[in-house]
Each structure stands twice: as C-alpha cells, then as structure tokens.
Amino acid sequence: MSDFRARRPASPPSSAQPYGKLSSAPSQRFPPRPKDRLDADERKALATSGYPRQHHPLGGFKLSSGEVKLLILVVVLAAFVRLYKLSEPNSVVFDEVHFGKFASKYIKTRYYVDVHPPLAKLLITLVSVISGYDGNFDFKDIGKIYADVPYVMMRALPAVMGLAVVPLTYLTLRGLDCRATTALLGSVLVAFENSLITQSRLILLDSPLIFFTSLSTFCWVGFSNEDKAEPFTEQWWFWLTLTGLSLGAVVSCKWVGLFTIALVGLCTIRQLWLLLGDMRVPPRLFVKHFCARALCLIVLPITFYMAMFEIHFLILQNSGEGDGFMSSEFQHTLQGRGMADTFADVAIGSEVTLRHVNTQGGYLHSHPHNYPGGSQQQQITLYPHRDDNNNWIIRNALEEKNTSSTDLVYLTPGMTVRFDHISTNKRLHSHDVRPPISEVDFQNEVSGYGFEGFEGDANDNWIVEIESGDRKDPESKKRLRTLRTYFRLRHPLTGCYLFSHKVKLPEWGFEQQEVTCNKNAVKPNSLWVIETNSHPNLPPDAEKVNYRIPGFLAKFLELQRVMWDTNAGLTDRHVYDSRPLSWPFLKRGINFWVKDHRQIYLLGNPFIWWSGTAAVLAYAAVRGFLVIRAQRGYKDFLNTGVVKADQLCGFLFLGWALHYLPFFLMERQLFLHHYLPALYFSILLLAGVFEVVTGALRPRVRLQIAGAIAVVAILTFAYFSPLAYGSSWTRSKCMRAQWVKSWDFSW
Amino acid sequence: MEARRRAAPGTATNDGWAADGSEGPVPTGYGGDDEKDVYGKARVGYGTGRLGPPRQRAQPPPESFAEFIQQNVEHVPPILYTLLSIWTRCYKIGLANVVVWDEAHFGKFGSHYLKREFYFDVHPPLGKMLVGLAGLLAGYDGHFEFKSGDIYPDNIPYVTMRVMLAMFGIGMVPLAWYTARELHMSRRACHLVTLMVLLDVAWLCISRFILLDSMLLFFTFTTVFGLTKFHNQQYQSFSPEWWFWLAGTGLSIGAVCSVKWVGLFVTALVGFYTIEDLWNKFGDLHMPIRVYARHWVARIICLIVVPILFYMASFKIHFLILNHSGPGDAQMSSLFQANLEGNDFALNPLEVGYGSKVTLKNMGWGGGLLHSHVQTFPVGSNQQQVTCYHYKDENNQWTVLPAWGETPYDPNADDVDFLKDGDVVRLQHVPTKRNLHSHVVPAPVTSLNHEVSCYGNETMGDVNDHWIVQVVDDLHRGKKEHVGRIHSLTTRMRFRHKVLGCYLRAANAILPQWGFKQVEVSCDKEDNPNDDHTYWNVESHINPKLPIGEMKQYRSPFLRDFWHLNVAMMTSNNALVPDPDKEDILASKPLDWPWLHYGLRMCGWGDSQVKYYLLGNPVVWWGGTASLIASVGVLAVYLLRMQRRYNDFEPGEWEQFLYVGKIAFLGWVFQYLPFMIMGRVTYIHHYLPALWFSVLMAGHLIDHFVFSSKRLSERTKQIVFGICAGAVIGTFWWFRGLAFGVEGPIGDQKGLLWRKTWNIYD
C-alpha cells in the first residue's frame, strides 16, 4: 500500500480533486523563462487596447543569419546530388514510360485515362512544352533511347521539387520549435536519402507529391504558429489559405494526398476541440473559427482539385486511347467521337445499332466467323467501334413480312421481334447450348443463324421489355426511343435475357466481348439502348435525337469513378511489387532500369531508412509506456517538457501513421515508392526524437552528435549512389553492397 | 456506506429501478467520506466503482400463495411474456407440411447424425447435432432426404422437431427481459424491449423451422445476458456468483461459436468489454498486483480456455458420432478417411509401383485431390486444366509411369517396379491419357508460379512431363531415412519438376468460373520444404498385380483432424462467392438490411402453397436503426456540451449511460460491419443477431430521454409508452401472416407492401 502513495507528488493536497484540475506547482527543474515568452499578466496587458502590439515573425519562423547561410550550403549540396548528370541515362526509365507518354498526349490533345489526377502531369507537360517538345516520341519501352525529347528539362522539374523539400524540411522543423541543429540534421538527412534522390531525378509523380506533402505540412505548421499568436490577422489568413491550396495541390498529384489532408484534418479537429473547451471563446467566435477553416481547408482544396480537372478537360479535346473507359455521353464530347443526330422513333423495319449500357464493350456485333465450339454457328460479340457489322434490322416476329405497309409500327413493351444482321443475312438466335467462355448452367449461347430463304424459327424471337425511359421524354417509357429508352430483350423459349459482361473472347473471337443469354441476369448487364436508327419510311425531317452533352460536373464525377474503378482493378502481381509490411524495413527495392551492365535500382539509404523506422518504433514504445504509467497514476503528462516533446513527435508520428497504415487496406498492387511520403515523416520524426533525446546536452555536444549522424548518412549515400545514378560499379562493390539477401540488384 | 444511499434500502418496489440505475456506479476517486476505510474498501471491490444492488431485507418464507406472488411480483411480466412467446412461436407451427427453405440443409445434416455418416458443412457441428438430437427425441430415423419443397411423409415427426427447436426462440423473450433489467433500464423500457423481441416478425419466422438461426440467436442472447450479469457482480469480485456468471459467459461464447462462426462477433464484444475492464482495473492503485493477476487468469480461463474447450468438444462428439463413410469424406485427410467404417482405403495395396492407378491428395489444410478435366485454360497455354477437387471422381485418377526414354511400362509383365524417393516419373491422367505438365507460363491466379496443365498423350510428350518424387516422411515409419518404398496413405512426398525445379503446389487459390471454382494447382518456384501445400500423399491405390493391403488399425490424431476440418470449413466458406452475372433474388447486401430494403421468400409462391416471407417488423427494424444513428448524434452533443462545461449528468449517471450505449452500439458494430468486408454471399438473416443490439439501443435511448427523464410527467411517459408499444403490437399484428404462414393467394393479403422493393406480391 505504501508503494502507490510514494508515487504521488508531494505537493498537491490529497483532496477530492480529480487529476486534471490539479495545478502543477512550479518546479526548480524547469529552465528559466526565455526572454520573449510572456506570462499571463503580461499577455493580458498586451491584449488591452492602446498597448503597442508585439511584433511576431511571419508564421513564427525566425531564422538567424548564421543558420540561413548553413541552410544555403545544404541546399547547394542537395542541388548537386539531385542534378548531377541528370541527362544520364539517355533512355526511358521505369514509369517514365507512362508519365512521359501522358505529356505527349496532352501535347497532342488526345484523351487518355490514368489513375492519377492531372496536376503533376500537367506541370511536366508545361515544362516539356516550354522546352519545345512536339509530342512525337512514344515512350514505348524502358530503355528506349530518347530522340528529340527535352527529357533533361522534364526531369529537372521533379528534381527541383525534390530539392525544394530540403529547405522545407528545415523550416518545418524550425516552425515546430526545434533547435537549428535538429533542423539542420533533418534537412541533411532528407538531402541524402537515396530513394528520394532516385525518385526525383526521373519523370515521375512522386517527387511533386512529396514536395506538396512537405509544403502542406510546412504551411500547416506556419498556420498553427499564427493561430497561437493571434487569429484572424492577415498573416493568419495567408497561412491558412496557403495550407488549403497546397492540400489541393497534393491531392491533385496523387490520391495518396488524401492522407495529408487527413493529417491536417485531424489536427484541425483537435484545434477546434481545444478551442471549444476554452471558455473565453464565445460561441460566435468559435463559429467564425470553424467557418474559416471549413472554407480554406475543405472548399478551397476541392475547388483547386476540380480546377485541375477543368484544365485537363480543356486540353484533352480529341478522341484518344482513353475513350473506351468513358461512357458514350462522355465520348460524344470528344472530337472525332461525335455522332450525327439520329431518328428518335424506332419501328418495325428500322435499321439500328444496339449498344450495351453497363459496360464499355460497345455494340451488338456479328461477323462471318463461327464459334469453334458449342453450336459452331456465327459469332455474336460486342465490338467497341462503329462498323457496318453492327447494323441490325428489326423485324416483326409474329406477322408475315410487312414490307408493303407504309405506316410505322412502333416498338412497344411486350412486342416480339427479330433482329436481322444485314451484312451476313443471319438472325440473332439463342438456344440451349453453353456459351464459349461462361460455361455455367444459367447462361445460353447467342449466335447468328439462318440463311437465304429460311423463314427462321422460334429461337430467333426476342421480346422487348422496357426498363426505363428518359425523364424529359415521357414517350420513351411507352415505346422504344433511340438513346432514351433502356430496354431488355427476353428470349421467350428459354426465358433468358440478352446479356454481356466484361469477359473477352479468345483470339478466335478477336478479343471482343462475350455476349450470352442469361437466365438469371443481373439487371445492369442486360440493359441495351439503341444508338443509331434509320427507317426507310421516316421522312427526313422526322424528330431526331442525340446524346446529351454532359456538363463539367457530370464529366468530372464520371472520371473520378472511372479512376477509382481502374485503380481498384490494378490487382495483378508485378515482379517488383511489395506489401506494406516490408517497407519500413527496406526489405527490397525496385529495379528501374538496366542497360549495358548499369542499373538504376530504387533503394533507400539504409542508415536513414532504418533509423527513421527505429525512431517511429521508439516513439510508439515510449508513448505506450507513458500511457501505461499514466494509468497507474504517474503524472508524466503534467510535465511541460514531456507535453512539448509529445506534441512535436506526436504530430510527426501521426503524419507517418496516416501516410502508411491505410495501405494495409488496399488490395491493389503496391510498390516501395508508396512509402516515400511516410518516409519523409519518419525522417522528421527522427529529427524530433534527436531534439528530445539531446535536449539536456550542451549545444556543442549536440552539434557533434548531429555531425556524426550526418556524416554516416552521407557515407552510406555515397556507398549506394551508383544505384541512384546508374553509374558504373565494380562487381565486388556491388556484391558487398547487398546487405540484405532480398535486395536483388546484384545478379 | 449506508449513509451514501439516496434511496432507503428495501424501497425498491415496482418503480424503483430508475433509482437503482443512478445508484449503481459511484465514482471512487480519492477521498469521499470513507477515505479512511481503505482496507475495508479493498476487501469489498478494490474501488471497482460499482456497488451492489440495494440490500434486500431477508424475506420470510411465503405462507400463502398470495404472499408468494407478492414476493416474486417482478418475475410475473417475464413469465407472461414467455407464455405469449410460446403461443407465437408454436402457433400453427406445422402448417406447412413441406421442407421449407434451409430445412433442406439442416434437416439433412441432422439426418446424417442419425445415420452416423460423415458429412461436410461450413458450419460448426453443435447446432446440427442439436437438430439431430431433436430428431432422435422425436423418433425420427434419419431416412428422409429433405429435398427442398418435398412434402413430409407421415412418419417424419417434423412438427415435434420444429417445436423443439422453437424452444430456443421462446427462450429469447425472457432473456430479453432480464438483460434489459440487468442493464438497469426502467420498467417501461424493459417492457418495450421485451415486446420488440417478442413481436419481431423476422425473429419469430426464423424460429419456427428446423434451422440453426434460432440457436445462434439464443446463444447470442445468453452471451449478452451473461455479460451484463457479470458486470453487475463486479462489486464483489471472485464471489461464487461472480465466477458463475463469468463461466456462464464463457460457456455461451463456446456455444454460440459452435453453432455458427458468426458467434465470434458477439465474442468480440465480450473481448472488448473485458479488455476495457482490465485496463480500468490496471489504473486502480488500490488493487494489489496479485489480485490483478488473478483477474487476468480468471478471464483467460473462463473466456478463452473454456470456450475453446467447448468448441473442441463439440467437434470431438461430432467425430465420435459420425464414424461411417459418407458424402463429406473427401474434405478430410486420407488417414482420417481410412478410419471411417465403409471406406476401402485400408484395402489399398501398401507399396506403390509403376503402373499403379492412384489418386493424389494434397496435404495442405483443406487440400483436395489432384484433378484434371477436358476443359482447357482460357488463358496462358490454353492446355487442359489441372485443378484440385474435393470430391471423388473418375477424373482424379493418375497412372504412375516411367519417364520418357526409360523402358516403357509393360502392363503384361508380372513383376512390379516399386516407386521410391528420387524417382523420375510421369503422371498420366487416366480418363484423358494426358500427362501432368508444367512450363514457363504464369499460373492463372497465382501468377508468380508456373502453370500446371495436362498435355500430350500416351505416346507424345516432352521433358516437361517429368517429375521427381521427393519423400518428406512417413506417418508410420518416421523420417525420410527410414522410408524405402512409397506407401499409400502414410508417405508424404513432394513432386519437383525436373526441368524447372519448381514444386507441385495447391494452395487455397480459387479458379474463376471457367475453372468451376476449383482450387488452382501451380508449380512453385520457391523451394519451401515446410510448405504443407506442396505435400501430397497417395489416397486410393489400384494395382491388380499387388496384394491387397491389410486393415491396419491406426488412429488419426484428433487435434490434426479438428484443425484440418476447420481450415476446410474456412476455405469453403470463402468460396461461397456470388457469381456477379447471376441475379440471386434471395441474396442481399449488408447495406440493405438496417432499413429493411428486402425481404426473403422462404418457399414457393404458388396459390396453394403455405407462404412464409422473412421480413422484420418494420417498426422494430427502423426504430432500431434510427436509434443507432441517433446515439451517435446524442454522444456527439453530450461530448460537445461537456467540452463547454455543461453538467448534464449526476455523478455515475454518465458512466452508466456510456456503458449501456457501448454494449448496444459496439455489439451492433461487431455484428454488422464484418459482413461489409466479407466476400461471400450474404442474406438478410445474417442481420438478425445485430438486430438485438439495435433493439437494446432503442430501449436505452427511449429510456434515457423519456422513461427515466426527470422532467417529463408520469402521464407523458405513459403516453409515449402506449404509442411505442401500440406501434410494435400493431405492426406485428399487421404482418403476422408472413411468419404464421399465408394460405391462399398472396394477393388476398392487402396492404403489406410498405416498401416497393419487397417482393411479397407477384
């Protein structure tokens, strides 16, 4: 029993007060107050009007001239390691295949679809246009030699952005109230981190991403400092707006930027929560705080993000490789994919093309080739391009051939019809035979069947079932109208519905999409729409329709969905992919480029990388230990030193966790470079831990320790630098550098 | 201590529970009047923050019946509700004399216990053994096929079986009452919660058939009840009652998990409560470490060891009962099957030779038999598919032949060359005569491995058909060094591809529809000698030249079979993935459940059939969901107000509010959210356990804001109670036909279509 009593501090009276309200008695252990720190009375005096307002530096960043010089030195060094021989190798490296290609597409204004938002690619394009690139290089394969491409300038953009991260690191740490030594150490570590260097020397998106991540963090730190000093000043608004803009930029580079937004969001919520508990803040003022943040940190980034897509759409006006991903309405907005107006009313005898609604597989198609298996009748497929083989004539199935009649018989629900394929003279047919790929009992084959003079049989019949019409066209719910009516086709003899899904036929089917007749069809995949329509008896001035041109918002939302689906679909394994658990330990790198016995291999600086991970683990362990102690009644969290250290490291740890842990939920293929934003935070945290650990040392000793760490880091960098620059290396050095068995660069 | 009470002891009469609620937890902190009495307090409960119930004055034994009733008046409502539930659960229970819905499965599994034939199913055995027990007690002999929609013959006592299983449904109602009581809800709230449990149409409907859901629900209820009971014993830790309820909770965890794995979700709630509780005790500086350690040990024993033992015991009984060969054999290891009566593996010739026809069993957990069929891969090489298949079939047979270039096997020769470690063999698929083959083509699913296919024929082939036999060990003879010739059943071996050096492997990767969802077989480049999935054994072995083996008596170890079966269950469960192209009108998505978007037709919908429609009582479901959403808002508002220093609660009241809210909300979250990430097909009845927590939340919130409110008048409370109870009773009466069975055309029942998506009418 005496144990726990001894643990209690002697000073507070053992009254019935809960912990939180105990005021900590001033202790001799705390260092003397800094000169520019005010106590409560002084601050109160300051708040009264007429008192000269004390000047505080912008964003709380106050740098002495000495440290500015040192910082410039570090930046110059960093510039050297990032820009050194930027023109080597003179061929395409790793994902330059993609991102170079996208620049070409922007220049050619051909539409493409990518899983990443456009900002970083637009910036690369901008640089390449300024440097006079004409967009004619195809970036086809890794290792292809560049010809007529200003690739050095294109690489320079990520390199400069990577370079900018170095001073940002310094300023962020200073803004977080770290000492100059710590900040200097942090910036040196960032400057000599091999993977950050490798990544920023190539035309890749990660360098802009990390730049904007660090910019957002920096701005947020600046804003927090302003907020502590005095809210709603011009400077305060400046930093808040800047934070919002850079958040918009980071998420416009890659969706991973959302993690940065989450970091700032959580910190904002914490700020607001503390503000709410501050009884001096009246509700009206709180609402003002809330609205200012909502405006700048939610509305502003979203607007920025959407603006990037507006630019994207404005540039990409022509049809290109990405058309197939988009809906027909969207494609209609692209030049070269537009469609002439077509007749609205569908009647018996109409010549039509049928498009599958739910997939982008295209039009109901047939061609003079037969199925190799099954019934061996003519193939029916979905074909994405316009072609005469997509044309069908609608016939009435039940009456005799009504060619003489001149009045139009509209297609209404429940009508039984046949579809004649014009170019091959076959009819759309289905029967109780399993389809070629989806050989399951509820699927039937669909084929083209018939010959000249053959009347056809009941298996050629299809019943029209209207599913939905257009809101603005009430007629379209009552009868079939081109582009406006979504309908299903039921096969009366087997009860199945004409169906298609994202399954490709093999080579014999020219890799077109499979069409089947499904007895338990899911609705979306059995919907069809008539895209073009003409009828001999319709006068040329009859009502015509066309796709409705979607507005920006509709296009924007559709593209977001397509990006999401494409992203989620990237589940194939890649030779160099890895799972998140292996990243903090740097188990394996990525082979970027191999040519002429030289190699570029993405590998971090093991010393910095592992130290960063160690810092993360150490903080987590210490923090966990403190929580356990707190539960046992120790009052560590009343110690201002502990609180201050915890705020510094906790913020950085949160940044690391938010940029790392969500990857565990992702099913898609992942690579080591997805860890780099988290690595940035782990390096900051390493500096933070250094700050805390060396807090009690003399400045000179601290400087010496920092120097030693920096030297080891730089030596390790130099040791592995051939992998970053793709420079020549002796075999023995290469073998010796293989510290971990799974680093597969030396084969 | 007595001085603290706000209500005098013994005044807890009819409406005294509200007072109980505010009285239970009292903050400890330091100080208070009894600061000096540290030791006295430590003896009682180490500052658990919980005080016992008001001490009842010991009552004299009842002398008359009236006095007996008076003394037990609190038990009268639950008894009445139980009687009512007996009526609802059993009313016209035999109306449909056909096999309804999943009775087809569970009735059949029950029959297997009566016939003692080994079968395989994705659910643990307890529930089905209880079905079998019900059948046994009812005098059913197990010889009915339980085909869906079949009419029960006269000799099948299906009504008795249904009534016995309805007991679990009946038991839910009193449990609901006592759980609400243990949560210190006011009397009216207890009534409301019990009414909701009694009158929910979905719970009612699912309890009236030969299904596992009523047992799952019952054990879910007992687990929650045990937990709340245990919570209220915390003021006197390690007392007999405390132990009783802790152990009771553990047993019902064991039971609920032995019925369906879904029971693990309610276990998660208990786990969460326990961790939080231990964490709070850790912060209790009055508690000696030794006592704290005892708390840990008690919970580990009762909440981990006891449930696991219970679960394993249910499997032990399962194996003991099912000792005959049956339809589920192929899921188990060859050794297990050899021990089943009616299995001929023990007659296999012992030593495998060239020319033997064998089936090869993968020894990974849940592994199947090496299989091939005429269908080809639509991707990769387009050669004939090789898969792993769990059922016995002609296509599982392979002939062991010498490599190309060696002396060909002569079927007419008398002597037999025996197979041994290191031999290079060719495995020929018996029905198609093609050879097991591998090449540098990525496998269809595990694309880092090489594809394995069947290629060539009896006379044509290449070196890619060659496999080296590598013995791992023998279950009888021990290590590799002691193994000479390959024995059937017991020798574990690996097949190494001679050219590529990769190992034949079947892990639990499922092929798409074109591969009939069978297990992928690939050739693994990594040589991982401890990977079970590369181990194979000879299962059936036919070689007319060799003598038939002896019936050897060796037992397959229980733990191994137990684990094997569980992994196989897990694998099959994950394979229940819906075909995205097939419209399944019975299935529904988790998002459809809370707002009762769909119902489920449990049987045919003809005019002459008795029709059952699984649909909740809309008032109960919608009210529960609305209160769950409201609870988040209420919590947020209270937290925001606290941060602004508003004081809304009496001391202790907030803890009690939070405790009940946590049980209800987290219980619901644990029961519901996992279905969102589950790949397998889901049905509306998966929501039924979660519904219990949403009902608790509805009761809790309405109790907090109305029935226990100090501002509202007694009259208002009466009116609110009347409206709520009336709504529940009214909707039940309106929809009762869906659970009691609709005779005649469904069109005659008007006004049931409250949501357009319900497919009640044609």
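**Exercises on chains A and B**

Across the interface of chain B and chain A, the rule finds seven residue pairs in polar contact, with both residues at pLDDT 80 or more. The model is predicted, and the exercises below are to be worked with that in mind.

**Exercise: the interface**

Task. Describe the interface of chain B and chain A by its contacts and buried area, then establish which elements of chain B give two or more residues to the side that touches chain A.

Solution.
- Step one, the contacts. On the side of chain B, 29 residues are in contact with 35 residues of chain A.
- Step two, the area. About 3000 Å² is buried between the two chains, and carbon and sulfur atoms give 58% of that area.
- Step three, the charged pairs. The rule finds zero salt bridges across this interface.
- Step four, the elements. Two or more residues each come from α2 (38–44), α12 (263–282) and α16 (618–643) of chain B. The greatest share is that of α12(B), with four residues.
- Step five, the composition. The residues of chain B that touch chain A comprise 14 nonpolar, seven polar and eight charged. Charged residues are thus present on this side of chain B, while the count of salt bridges to chain A is zero.

**Exercise: the disulfides**

Task. Locate the disulfides found over all chains, and determine the handedness of each from its S-S torsion.

Solution.
- Step one, the search. The whole structure yields two disulfides.
- Step two, chain A. C496(A) is joined to C517(A), with an S to S distance of 2.0 Å. The torsion about this S-S bond is about 95°, so the disulfide is right-handed. C496(A) sits in the loop between β10 (486–490) and β11 (497–504) of chain A, and C517(A) in strand β12 (residues 513–518) of chain A; the pair therefore ties together parts that are 21 residues apart in sequence. Both cysteines are buried.
- Step three, chain B. C502(B) is joined to C523(B), again with S to S 2.0 Å. Here the torsion is about 95°, so this disulfide is right-handed. The linked parts of the chain are distant: C502(B) is in the loop between β10 (491–497) and β11 (503–505) of chain B, and C523(B) is in strand β13 (residues 522–524) of chain B, 21 residues apart. Both C502(B) and C523(B) are buried.

**Exercise: cysteines without a partner**

Task. Why does the sulfur of C603(B) form no bond with the closest cysteine sulfur, and how far from C90(B) is the nearest cysteine sulfur?

Solution.
- Step one, C90(B). This cysteine is in no disulfide, and the nearest cysteine sulfur, in C205(B), is 14 Å away. C90(B) is partly exposed, at a relative accessible area of 23%.
- Step two, C603(B). The closest cysteine sulfur, in C205(B), lies at 8.7 Å, which is too far for a bond. The cut-off applied to a disulfide is 2.5 Å.

**Exercise: the setting of T228(B)**

Task. Is T228(B) buried or exposed, and which backbone oxygen does its side chain reach?

Solution.
- Step one, the place. T228(B) belongs to helix α10 (residues 213–233) of chain B.
- Step two, the accessibility. The relative accessible area of T228(B) is 0%, so the residue is buried; the limit for that class is under 20%.
- Step three, the polar contact. Its side chain reaches the backbone oxygen of F225(B) at 2.7 Å.
- Step four, the surroundings. With neighbours within four places in sequence left aside, T228(B) is in contact with T179(B), E182(B), L183(B) and Y659(B).

**Exercise: backbone geometry**

Task. Examine the peptide bond from E88(A) to P89(A), and the phi values of F139(A) and K433(B).

Solution.
- Step one, the peptide bond. From E88(A) to P89(A) the bond is cis, with omega near -5°. P89(A) is in the loop between α3 (65–83) and α4 (96–108) of chain A.
- Step two, F139(A). Phi is near 50°, positive in a residue other than glycine. F139(A) occupies the loop between α5 (119–130) and α6 (151–175) of chain A and is buried, with a relative accessible area of 0%.
- Step three, K433(B). Phi is near 65°, likewise a positive value in a residue other than glycine. K433(B) is in the loop between β5 (424–429) and β6 (435–442) of chain B, and at 32% relative accessibility K433(B) counts as partly exposed.

**Exercise: chain B as a whole**

Task. Give the secondary structure of chain B and the share of its residues that is buried.

Solution.
- Step one, the elements. Chain B has 19 helices and 16 strands.
- Step two, the burial. Of its 762 residues, 56% are buried.
- Step three, the extent. The C-alpha trace of chain B spans about 100 × 70 × 55 Å along its principal axes.
- Step four, the contacts. Among contacts in chain B between residues at least 6 apart in sequence, 74% join residues at least 24 apart.

Note on methods
Residues are numbered from 1 along each chain as its sequence is written. Chains are lettered from A and ligands numbered from 1 in the order in which they are written. Side-chain values use heavy atoms; hydrogens and water are left out. Contact means heavy atoms within 4.5 Å. Buried area is the accessible area (1.4 Å probe) that two parts lose on being put together, summed over both. A salt bridge is a side-chain nitrogen of Lys or Arg within 4 Å of a carboxyl oxygen of Asp or Glu. A polar contact is a pair of N or O atoms within 3.5 Å; within protein, one must be able to donate a hydrogen and the other to accept it, and residues adjacent in sequence count only if both atoms are side-chain atoms. Ala, Val, Leu, Ile, Met, Phe, Trp, Tyr, Cys and Pro count as nonpolar, Asp, Glu, Lys and Arg as charged, and the others, Gly among them, as polar. Buried means under 20% relative accessible area, exposed over 50%, partly exposed in between (1.4 Å probe, protein chains only).
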